[in-house]
Amino acid sequence: MYIGLSLSDPHPDFVSDGSTKRTLSAAQFAGRYRLVDFMLSNMVNSGINHIGMVLNSHYQSLIAHIGMGKEWDLARKSGGLTFFPPYLSDARQSVNNEIDGPLHRAVQAVAKISGEYVVLVDSSVVCNLDYRPAMDAHRLSGADVMAIYVKKQVQPDSRGYAVAYDIDEDGRITGISGASGAKDEVQNVSLGAYIMDKRVFLQLMGREKNCGMLRFSKEILAPQLWRLRVRGYEFRGYTAQISSVETFFRHNMEMLDTEKRNELFHYGGRRIFTSRRDSLPTKYGKRAHIENSIIADGCQIEGTVINSVICRNVRIRPGAVVENCVLKDRTVVERHAKLNWMIVDRGGYISESRNMLGSDTYPVYIEPERII
């Protein structure tokens with residue numbers, strides 16, 4: 001049996017959308033999804049039904065989104081989903097903080113579960129991944145750890161978080177380091193997903209109280225490459241790593257590309273599940289104009305929307321123009337306002353006739369519930 005374990009805030013020094021009011025894995029993606037949806041769907045689609053989530057802070061939105069896990073068939077008596085939140089403090093925890101140890105408690109729980117393998121994943125990675133071929137490869141290879149990676153170019157805005165592997169001709173990982181090299185250089189980029197024997201997991205993580213995926217890769221696993229058999233498994237589908245405002249914006253905008261969107265949501269015929277809201281269909285006004293955009297349910301669109309991702313329950317009034325933007329839940333754009341290259345967080349309010357402009361390399365971010 002395989003046990004899934006996810007770090008809901010795998011790199012707390014980065015914030016996906018510029019806000020400290022929610023954990024990273026609760027950040028919205030492609031209109032109606034959250035980052036956590038991809039991690040949970042991948043595990044469930046791969047037959048992993050015993051999943052633990054290590055929480056850091058500001059996780060109320062995450063728990064409200066997942067609920068009992070019914071949409072992922074995790075509301076069950078045997079197995080299901082278990083949360084490991086921090087105690088004592090609501091402040092954002094450092095990866096080296098010794099006050100609390102949600103990961104340590106998760107490791108203790110894993111030790112008590114009957115199962116031979118652990119799948120440790122980074123919940124900030126967006127992909128549609130079937131772990132079963134990698135699981136089979138792990139068992140057949142006799143490796144201690146199987147690290148899943150993708151061959152791709154690393155954009156400058158991802159350099160601070162991306163981890164690259166050096167892999168020899170036999171498929172063994174000989175080095176782990178931060179991604180470097182020229183912009184057009186193809187590298188073996190980690191997906192933050194590791195399949196390992198449970199005994200190896202317990203040895204590596206037994207003394208850890210808090211740990212991000214960066215620290216696990218570069219400080220815990222990398223020094224052990226000389227004694228552990230760590231092999232790589234290549235994934236060839238669409239992937240996105242969310243680690244900053246820029247990567248959040250760029251990868252959301254990539255979903256406007258039909259080919260990339262289909263590669264993510266229909267890869268291998270596997271579905272990506274998310275929580276249901278039972279919202280009304282989006283209502284379009286007589287003079288609404290839409291071009292190449294993703295618009296979720298529950299919206300009222302009376303203005304112009306071009307090349308944008310619109311989340312649930314957004315209101316765009318007559319005469320308003322929204323172009324190259326990501327608007328999150330309950331955003332209101334009043335009449336004749338113009339937005340270009342913007343991220344407006346949940347509950348944002350853009351007043352009448354306001355004109356706001358960012359750029360493709362530096363999108364302007366508006367905090368939650370902010371009135372502009």
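Biologist: Why is Arg 229 called partly exposed?
Modeller: Its relative accessibility is 42%. Partly exposed covers values between 20% and 50%. The 42% falls in that range, so Arg 229 counts as partly exposed. Keep in mind that this is a predicted model.

Biologist: What makes Arg 229 and Asp 144 a salt bridge?
Modeller: Their closest N and O atoms are 3.5 Å apart. The rule asks for a side-chain nitrogen of Lys or Arg within 4 Å of a carboxyl oxygen of Asp or Glu. The 3.5 Å gap meets that limit, so the pair counts.

Biologist: Why do you say that this pair ties parts of the chain together?
Modeller: Look at where the two residues sit. Asp 144 is in the loop between α4 and β8, while Arg 229 is in the loop between α6 (213-221) and β12 (230-234). These parts are 85 residues apart in sequence, so the pair ties them together.

Biologist: Is Asp 144 buried or exposed?
Modeller: Buried. Asp 144 has a relative accessibility of 6%. Buried means under 20%, so the label fits.

Biologist: How many salt bridges does the rule give?
Modeller: The count comes to 15. One of them joins Arg 250 to Asp 157.

Biologist: How do you know that Arg 250 and Asp 157 qualify?
Modeller: By distance again. The closest N and O atoms are 2.7 Å apart. That is within the 4 Å limit, so this is a salt bridge. The pair links distant parts of the chain, 93 residues apart. Arg 250 belongs to helix α7 (residues 245-254), and Asp 157 to the loop between β8 and β9 (163-167).

Biologist: Why do Arg 250 and Asp 157 get their accessibility labels?
Modeller: Arg 250 stands at 23% relative accessibility. Asp 157 has a relative accessible area of 26%. Buried would need a value under 20%, and exposed a value over 50%. Neither cut-off is met, so Arg 250 and Asp 157 are partly exposed.

Biologist: What makes Arg 312 and Asp 297 a salt bridge?
Modeller: Their side chains meet at 3.1 Å, N to O. The limit is 4 Å, so they pass. This pair links distant parts of the chain, 15 residues apart. Arg 312 is in the loop between β19 (309-310) and β20 (315-316). Asp 297 is in the loop between β16 (294-295) and β17 (300-301).

Biologist: Why do Arg 312 and Asp 297 carry the labels they do?
Modeller: Arg 312 has 3% relative accessibility, so it counts as buried. Asp 297 has 21%, and the cut-off for buried is under 20%, so Asp 297 is partly exposed.

Biologist: Which residues do shared salt-bridge partners join into one network?
Modeller: Asp 144, Asp 197, Arg 199 and Arg 229.

Biologist: What forms the positive surface patch?
Modeller: Arg 32, Lys 70, Arg 271 and Arg 276. Lys 70 is in the loop between α2 (60-66) and β5 (80-84).

Biologist: Why is Lys 70 called exposed?
Modeller: Its relative accessibility is 67%. Exposed means over 50%, so Lys 70 qualifies.

Biologist: What is unusual to flag about the phi of Asp 73?
Modeller: Its phi is positive, about 60°, although Asp 73 is not a glycine. Asp 73 is also in the loop between α2 and β5. At 48% relative accessibility it is not over 50%, so it counts as partly exposed.

Biologist: What about the phi of Asn 324?
Modeller: Asn 324 has a positive phi of about 55° and is not a glycine. It lies in the loop between β21 (321-323) and β22 (326-327). Its relative accessible area is 9%, under the 20% cut-off, so Asn 324 is buried.

Biologist: Which residues touch the most other members of the largest nonpolar core?
Modeller: Leu 40, Val 119, Tyr 131 and Ile 148, out of 39 residues in that core. Several elements each supply at least two residues, including α1 (35-45), β6 (117-122) and β11 (186-197). The largest share, 5 residues, comes from α1.

Biologist: Is Cys 299 buried or exposed?
Modeller: Buried. Cys 299 has 1% relative accessibility, and the cut-off is under 20%, so the label holds. Cys 299 is in the loop between β16 and β17.

Definitions and conventions: Residues numbered from 1 in each chain as written. Predicted model: local features only at pLDDT ≥ 70, side-chain atom pairs only at ≥ 80, totals over all residues. Heavy atoms only, no water. Patch = residues over 30% accessible without salt bridge, like charges linked within 9 Å, V, L, I, M, F, W, Y side chains within 5 Å. Areas by Shrake-Rupley, 256 points an atom, 1.4 Å probe, with all protein chains shown as cover. Lys, Arg positive; Asp, Glu negative; His and termini not counted. Charge placed at Lys NZ, Arg CZ, Asp CG, Glu CD. Helix = DSSP H or I, 4+ residues; strand = E, 2+ residues; numbered from the N terminus. Buried < 20%, exposed > 50% of the residue type's maximum accessible area, 1.4 Å probe, protein only. Core = buried A, V, L, I, M, F, W, Y, C linked by side-chain atoms within 4.5 Å.
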